[in-house]
Amino acid sequence: MSAPTLNPDDFEFGDPNKLRAYIAERMAAVAMRADLVNTYAALGDDAGLRYSMRCAAAEFRAALNLLGDLTEQTERVRQRRQPSPASHPQPNSEARQ
């Protein structure tokens, strides 16, 4: 398993890459927990297996929640960049007649 290439500390608050880095960290933790699940399964350690599975599920849920935050943030940025219809005055139909 390799270390995540994104470091959340390298990005400022509000930068979508910060959320991407946190997602990468959570998923690296899921991968680590998956390795533990395999080890506990091979050893026949059901308590360790159960605990590792629960931790992996919690890490995955956290990553999914962060993905939702990232989706909302990028949508807000996209909407801010689009010109609003009110900012472009419509031609006055009365003036044309």
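## Helix contacts and salt bridges in a predicted three-helix chain

Gln-73 has a relative accessibility of 11% and therefore counts as buried, the limit for that class being under 20%. This residue lies in helix H2. Setting aside residues up to four places away in sequence, Gln-73 touches Gly-14, Asp-15, Pro-16 and Leu-19. The model discussed here is a predicted one.

**Overall architecture**

The chain contains three helices and zero strands, and its elements follow the order α-α-α from the N terminus. Of its 97 residues, 21% are buried. The accessible surface of the chain amounts to about 7,500 Å², and carbon and sulfur atoms account for 54% of that area. Among contacts in the chain with a separation of 6 or more, 53% are between residues 24 or more positions apart.

**Surroundings of Arg-20**

Arg-20 is placed in helix H1. Its relative accessibility is 34%, so Arg-20 counts as partly exposed. Through its side chain, Arg-20 makes a polar contact of 2.9 Å with the side chain of Asn-17. When residues up to four places away in sequence are not counted, Arg-20 touches Leu-6, Leu-70 and Thr-74. The C-alpha atoms of Arg-20 and Pro-8 are separated by 8.1 Å, and these two residues are 12 residues apart along the chain.

**Salt bridges**

Side chains of opposite charge can pair when their charged atoms come close. In this model the count of salt bridges comes to three. The table lists the pairs with their N to O distances.

| Acidic partner | Basic partner | N to O distance |
|---|---|---|
| Glu-25 | Arg-26 | 3.9 Å |
| Glu-59 | Arg-26 | 2.6 Å |
| Glu-75 | Arg-78 | 2.4 Å |

Which parts of the chain does the pair of Glu-59 and Arg-26 link? Glu-59 belongs to helix H2 and Arg-26 to helix H1, and the pair links distant parts of the chain, 33 residues apart. Glu-59 has a relative accessibility of 16% and therefore counts as buried. Arg-26, with a relative accessible area of 24%, is partly exposed. Glu-25 is also partly exposed, because its relative accessibility is 28%.

The salt bridge between Glu-75 and Arg-78 lies within helix H2: these residues are three residues apart in that helix, so about one helical turn separates them. Both partners count as partly exposed, Glu-75 at 31% relative accessibility and Arg-78 at 39%. By contrast with a single pair, Glu-25, Arg-26 and Glu-59 are joined into one network by salt bridges that share partners.

**Nonpolar surface patch**

Met-27, Phe-60, Leu-64 and Leu-67 form a nonpolar patch on the surface. Together, these residues have about 340 Å² of accessible area. Which helix gives the most to this patch? Helix H2, spanning residues 46-81, gives the most, with three residues. Met-27 is found in helix H1, which covers residues 16-43. At 32% relative accessibility, Met-27 counts as partly exposed, and this value meets the patch requirement of over 30% relative accessible area.

Key: Residues numbered from 1 in each chain as written. Predicted model: local features only at pLDDT ≥ 70, side-chain atom pairs only at ≥ 80, totals over all residues. Heavy atoms only, no water. Patch = residues over 30% accessible without salt bridge, like charges linked within 9 Å, V, L, I, M, F, W, Y side chains within 5 Å. Areas by Shrake-Rupley, 256 points an atom, 1.4 Å probe, with all protein chains shown as cover. Salt bridge = Lys/Arg side-chain N within 4 Å of Asp/Glu carboxyl O. Helix = DSSP H or I, 4+ residues; strand = E, 2+ residues; numbered from the N terminus. Buried < 20%, exposed > 50% of the residue type's maximum accessible area, 1.4 Å probe, protein only. Contact = heavy atoms within 4.5 Å. Polar contact = N/O pair within 3.5 Å; in protein donor to acceptor, adjacent residues only side chain to side chain.
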